Amino acid sequence: MATIKSAAAASALIHGHQHTEENENKNIQLDLNQVFQKYLHLLCNHQENSTNDADETNSTAKNLSTPLSRKGSTVSEILERILSMVCLSDSPLPHGLEFNDIGHLAVLSRGLSCYLGSVLSKNQLTKLANRTTGDTNTWLSKLFKYENGALYFHDELEDGLIKVGRLTLLTKYPKFQSEGFHALYARPPVIYIGSAAPGSLGKYICSQLGLPFSCLCIVPCSASSSTFDETMDLSALERSLNEDVACGKTPLLLIAYGGTPMCGQHDNTSHLRELCDRYNVWLHLEGNGLSLLALNKPPTSYEACKRATSLTLRLSDWFNWPGVSYCTLYRNTDSSACSLAGITNPETLMKLQGLSLWISIQYLGQDAITKMVNFGTELAQQLIHRLDLIKDVTRLQQENSVNPVVVFRYKPMGKIDGSDNNLASEKQIDAEKETNTAITAVSSMVLDFYNKLLSFHLSSSVSSMIIELIELPKEGYWLKFDPIKTAIKHKTTQDDVDEFISCLRDEVTVMNATISSKPYFETAIKSNKRLRLAKVQQVTGLGAVQFVPEYLVHDEIETTKLSERKKNALKKVNKLLAESLEEQDKALFALVMTTDGYPCIAVGMISQPDSIPNIIDTIMQKASELDDNSQVLEEMSEIIKRSIAATQETLKKEAEDYFWEEGVYRQVPLLSSVMNWWSPPAKTAIPGRTLNLSKGTVESTESTYELKMQVQQSSDDDND
């Protein structure tokens with residue numbers, strides 16, 4: 001806020017405003033600053049009171065749909081509306097909303113650049129833009145060991161790569177600006193990009209440069225049978241370069257990675273630089289691993305990154321500088337081509353895109369930036385050392401000794417021994433002998449599901465450790481920790497890493513116990529006549545169980561062969577049983593559906609294998625209660641059906657007797673009136689019937705109508 005006030009005062013001096021106008025402007029700035037500080041504080045702390053203020057928030061949200069006010073709104077009202085839009089009770093605020101000092105400074109610097117751009121003259125703005133851009137270029141070149149480079153600021157991440165691609169076209173094809181694609185027709189350009197890049201990146205570059213997709217060459221990853229590798233295959237790249245040159249094409253641009261998007265692996269930039277020099281190809285580097293160049297001693301494998309023709313720095317992502325532009329450092333001596341490509345456009349410089357970065361770098365200093373990068377690598381190394389001590393966790397091996405990305409997953413190594421859990425059951429020993437393959441190996445589908453669950457549990461347990469779930473081709477799901485991107489923003493510490501490892505060990509213990517106990521669980525279910533294993537799509541835990549009612553025990557339990565009544569009964573009892581068990585213990589039981597659409601009980605993971613008998617007893621006890629209740633209801637329904645049928649027959653017979661007793665003439669409309677006048681009929685009527693549910697008997701309603709109340713007959717009367 002102080003920056004805005006000082007900037008307002010500086011601009012007033014430049015324009016020679018009077019002291020009274022300066023004071024008025026300063027007071028306005030102070031008022032606005034106080035308002036923004038107040039509501040920023042409310043925004044950051046609103047989540048704590050979101051439940052109590054739900055009604056107020058909803059009423060405010062309704063006001064957002066009102067028409068635009070003719071007289072305008074105050075700043076307080078506008079900020080209140082923003083508050084109600086982002087702070088709903090069912091939508092929590094994102095983690096890391098509160099910035100540190102440098103974060104607030106970066107945000108304010110962005111606003112300051114807009115402010116200065118509107119109040120400074122063109123000469124002053126040009127001078128300021130050239131000075132800030134030159135200083136930032138010098139600082140970044142020194143910080144990232146990139147000598148003789150120029151700097152381009154851009155707000156969109158891919159914009160720097162697009163400008164570089166346009167610059168290479170103008171350099172290779174001088175007539176491209178005037179003739180367009182006709183200048184490329186004789187020797188079409190080729191852009192090389194690794195298969196590790198995002199799938200849409202290559203097509204996006206071609207579309208932005210006005211090139212057909214045929215100008216794109218996807219270089220495959222290195223083939224390795226021992227470990228997953230998404231770095232660029234050098235031999236395949238060299239073959240493609242030779243073939244394109246032989247076909248009369250022009251190799252234009254090679255896009256490589258100093259830290260691939262998925263696993264953070266580093267392309268062999270040393271060999272890539274040699275190939276680019278041999279074939280005169282522009283080498284552009286992307287990736288979060290380029291942040292390691294800011295270390296005092298970067299890894300040896302990253303030394304060749306300094307020789308890249310251009311590279312993009314994601315400083316706002318690495319250091320949590322909101323509002324700071326991305327930067328692309330490049331080497332090119334053709335100033336006219338740079339101007340035509342839009343890299344050195346004076347109008348772009350006038351926007352002061354680099355002002356926020358210029359201020360942020362000065363505020364921190366070189367040592368602080370280096371320490372932030374070093375801290376991220378230390379967190380990664382700490383996690384690597386801890387993971388290597390857990391035998392059932394596999395880590396993706398990286399070439400570099402210092403790598404900021406850690407990729408790992410849960411994968412049981414060898415046979416999981418459950419003897420430590422004091423299980424002396426002979427049934428389990430026999431089950432382990434019979435199903436040894438089920439213990440020594442876990443299917444890839446089950447392994448993926450376990451790692452998905454592991455990612456969810458770990459993210460919930462240690463919220464400051466940002467773990468990303470990634471899917472590697474032919475490898476399944478892995479967990480990824482990238483501290484360069486997340487540690488500063490989410491304030492990750494070394495204690496968080498230790499807590500994370502502790503939670504991971506607990507989760508691995510539970511998973512191992514579950515996998516080792518599954519054969520014993522299946523054997524116990526098969527030996528129980530009232531339970532059967534159910535086939536489901538996916539379930540992490542001991543498995544899925546279906547309860548068999550007593551009247552189906554001797555039947556062949558194949559859902560396709562059961563009658564509709566038995567199918568419905570089987571569905572009903574298992575649904576009720578699963579819901580009852582889930583209500584009792586949501587962590588252990590759940591209602592799931594079989595592959596043929598029948599409800600069943602999913603039994604989750606356990607930490608102690610000796611709890612399996614208790615689990616089965618719990619299922620049987622709850623099932624017995626439901627089975628008894630359902631049997632009583634079945635019997636009662638049969639009694640009601642028989643009683644209703646008997647009562648209908650009795651009433652039908654009494655109606656016929658009453659008809660013949662009155663005679664036929666009384667049923668004829670005209671004669672009935674005369675007959676009833678001449679000889680009034682006896683006041684008799686067919687008595688109603690009532691069903692006594694407690695006795696299961698049908699009784700007459702005569703006593704009810706005579707006494708005007710329901711009378712419970714005694715047992716003696718019943719016997720009579």
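At 44% relative accessibility, Asp388 counts as partly exposed. Asp388 forms a salt bridge with Arg395, and their closest N and O atoms are 3.0 Å apart. Arg395 sits on the other side of a cut-off: at 15% relative accessibility, Arg395 counts as buried, because buried means under 20%.

This is a predicted model. The protein chain has 720 residues, and buried residues make up 43% of them. Its secondary structure comes to 26 helices and 17 strands. Take the contacts between residues at least 6 apart in sequence: 70% of them join residues at least 24 apart.

**Salt bridges**

- The count of salt bridges comes to nine.
- Arg278 pairs with Glu238 in a salt bridge, with the closest N and O atoms 2.8 Å apart.
- This pair links distant parts of the chain: Glu238 is in helix α10 (residues 234–246), Arg278 is in helix α11 (residues 269–279), and the two are 40 residues apart.
- Glu238 is partly exposed, with a relative accessibility of 29%.
- Asp498 and Arg386 form a salt bridge too, and their closest N and O atoms are 3.3 Å apart.
- Asp498 lies in helix α21 (residues 494–526) and Arg386 in helix α16 (residues 366–387), so this salt bridge ties together parts 112 residues apart in sequence.
- Asp498 is partly exposed, at 32% relative accessible area.
- Arg386 is partly exposed, at 31% relative accessible area.

**Helices α10 and α11**

- The axes of α10 and α11 are 11 Å apart, and the two helices pack at an angle of about 5°.
- That angle makes α10 roughly parallel to α11, because angles under 35 degrees count as roughly parallel.
- On the α10 side, the contact is made by Leu234, Leu237, Glu238, Leu241, Asn242 and Val245.
- On the α11 side, the contact is made by His271, Leu272, Leu275, Arg278 and Tyr279.
- By class, the contact of α10 with α11 has seven nonpolar residues, two polar and two charged.
- Glu238 and Arg278 are among the contact residues, and they form the salt bridge described above.

**Helices α5 and α22**

- Helix α5 (residues 101–119) has 19 residues, which should span 27 Å at 1.5 Å a residue.
- The end C-alpha atoms of α5 are 26 Å apart, which agrees with that expected span.
- The buried residues in α5 include Ile102, Leu105, Leu108, Ser109, Leu112 and Leu116.
- Gly103, Ala106 and Ser113 of α5 are buried as well.
- An α-helix has 3.6 residues a turn, so residues three or four places apart point the same way.
- Helix α22 (residues 564–584) has 21 residues.
- From first C-alpha to last, α22 reaches 30 Å, close to the 30 Å expected at 1.5 Å a residue.
- Among the buried residues of α22 are Ala569, Leu570, Val573, Leu577, Ala578 and Leu581.
- Lys567, Asn574 and Ser580 of α22 are buried as well.

**Two strand residues**

- Phe547 has its place in strand β13 (residues 543–547).
- At 1% relative accessibility, Phe547 counts as buried.
- Phe547 and Lys575 are 28 residues apart along the chain, and their C-alpha atoms are separated by 9.8 Å.
- Val592 is found in strand β14 (residues 589–593).
- Val592 counts as partly exposed, at 22% relative accessibility.
- Leaving aside residues up to four places away in sequence, Val592 touches Val536, Tyr598, Pro599, Cys600 and Ala602.
- Val592 and Ala602 are ten residues apart in sequence, and 6.2 Å apart in space from C-alpha to C-alpha.

**Loop residues with positive phi**

- Asn148 is not a glycine, although its phi is positive, at about 55°.
- Asn148 lies in the loop between α6 (122–143) and β1 (150–154).
- Asn148 is exposed, with a relative accessible area of 72%.
- Lys491 is a residue other than glycine with a positive phi, near 55°.
- Lys491 lies in the loop between α20 (483–486) and α21.
- Lys491 is exposed, with a relative accessible area of 54%.

How values were computed:
Residues numbered from 1 in each chain as written. Predicted model: local features only at pLDDT ≥ 70, side-chain atom pairs only at ≥ 80, totals over all residues. Heavy atoms only, no water. Salt bridge = Lys/Arg side-chain N within 4 Å of Asp/Glu carboxyl O. Helix = DSSP H or I, 4+ residues; strand = E, 2+ residues; numbered from the N terminus. Buried < 20%, exposed > 50% of the residue type's maximum accessible area, 1.4 Å probe, protein only. Axes fitted to C-alpha atoms, helices over the stretch in contact; angles between N-to-C directions. Parallel < 35°, antiparallel > 145°, perpendicular 65-115°, else oblique. Contact = heavy atoms within 4.5 Å. Nonpolar A, V, L, I, M, F, W, Y, C, P; charged D, E, K, R; others polar. Expected span 1.5 Å × (residues − 1).
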